[in-house]
Amino acid sequence: MHRTHSIDYAIVISGEIYALMDDGETLMRPGDVLVQRGTNHGWSNRSDAPALVAFVLIDAEPVSTGKA
């Protein structure tokens, strides 16, 4: 798991991949798009086939987590 200080777009081109978040996971297939900002996340390819994903990261101010 990791967190970025950016607005992230993930576009699945081919294959399948799971988007992992603190509160669960979602299977993403070709044509699916994920938009996130400052969330703790990871990726998991659970198939034998490669997954091709295009990522666009746009610089942003860090999101406050509410923790000191």
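In the predicted model, strand 1, which covers residues 6-14, pairs with strand 6 in the antiparallel sense, and eight bridges link the two strands. Within strand 6, the residue that stands opposite Ile7 is Ile58. In general, the strands of a sheet are held in register with one another through backbone hydrogen bonds, and this pairing may be either parallel or antiparallel.

The pair formed by strands 1 and 6 belongs to an open sheet of three strands, arranged in the order 4-1-6 with antiparallel pairing. Strand 4 (33-37) and strand 6 (52-59) occupy the edges of this sheet, and because each of them has a single partner strand, one side of each is left without a neighbour in the sheet. On average, and with direction ignored, neighbouring strands of the sheet are turned by 15° against each other.

The strands of this sheet also contribute to a nonpolar patch on the surface, which is formed by Tyr9, Val33, Val35, Val56 and Ile58 and which has about 410 Å² of accessible area when these residues are taken together. At least two residues of the patch come from strand 4, and at least two come from strand 6, whereas Tyr9 has its place in strand 1. The relative accessible area of Tyr9 is 32%, and this residue is therefore classed as partly exposed, since the class lies between the limits of 20% for buried and 50% for exposed residues.

Two salt bridges are found in the structure. In one of them, Glu16 is joined to Arg29, and the closest N and O atoms of this pair are 3.0 Å apart. Glu16 lies in the loop between strand 1 and strand 2 (17-21), while Arg29 lies in the loop between strand 3 (24-28) and strand 4, so that the salt bridge ties together parts that are 13 residues apart in sequence. Both partners fall into the partly exposed class, with a relative accessibility of 34% for Glu16 and of 43% for Arg29.

A further salt bridge brings together the side chains of Glu25 and Arg46, with a distance of 2.9 Å from N to O. Because Glu25 belongs to strand 3 and Arg46 to the loop between strand 5 (41-44) and strand 6, this pair ties together parts that are 21 residues apart in sequence. Here, too, the residues are partly exposed, as Glu25 has a relative accessibility of 43% and Arg46 has a relative accessible area of 48%.

Technical notes: Residues numbered from 1 in each chain as written. Predicted model: local features only at pLDDT ≥ 70, side-chain atom pairs only at ≥ 80, totals over all residues. Heavy atoms only, no water. Pairing = 2+ DSSP bridges. Helix = DSSP H or I, 4+ residues; strand = E, 2+ residues; numbered from the N terminus. Axes fitted to C-alpha atoms, helices over the stretch in contact; angles between N-to-C directions. Patch = residues over 30% accessible without salt bridge, like charges linked within 9 Å, V, L, I, M, F, W, Y side chains within 5 Å. Areas by Shrake-Rupley, 256 points an atom, 1.4 Å probe, with all protein chains shown as cover. Salt bridge = Lys/Arg side-chain N within 4 Å of Asp/Glu carboxyl O. Buried < 20%, exposed > 50% of the residue type's maximum accessible area, 1.4 Å probe, protein only.
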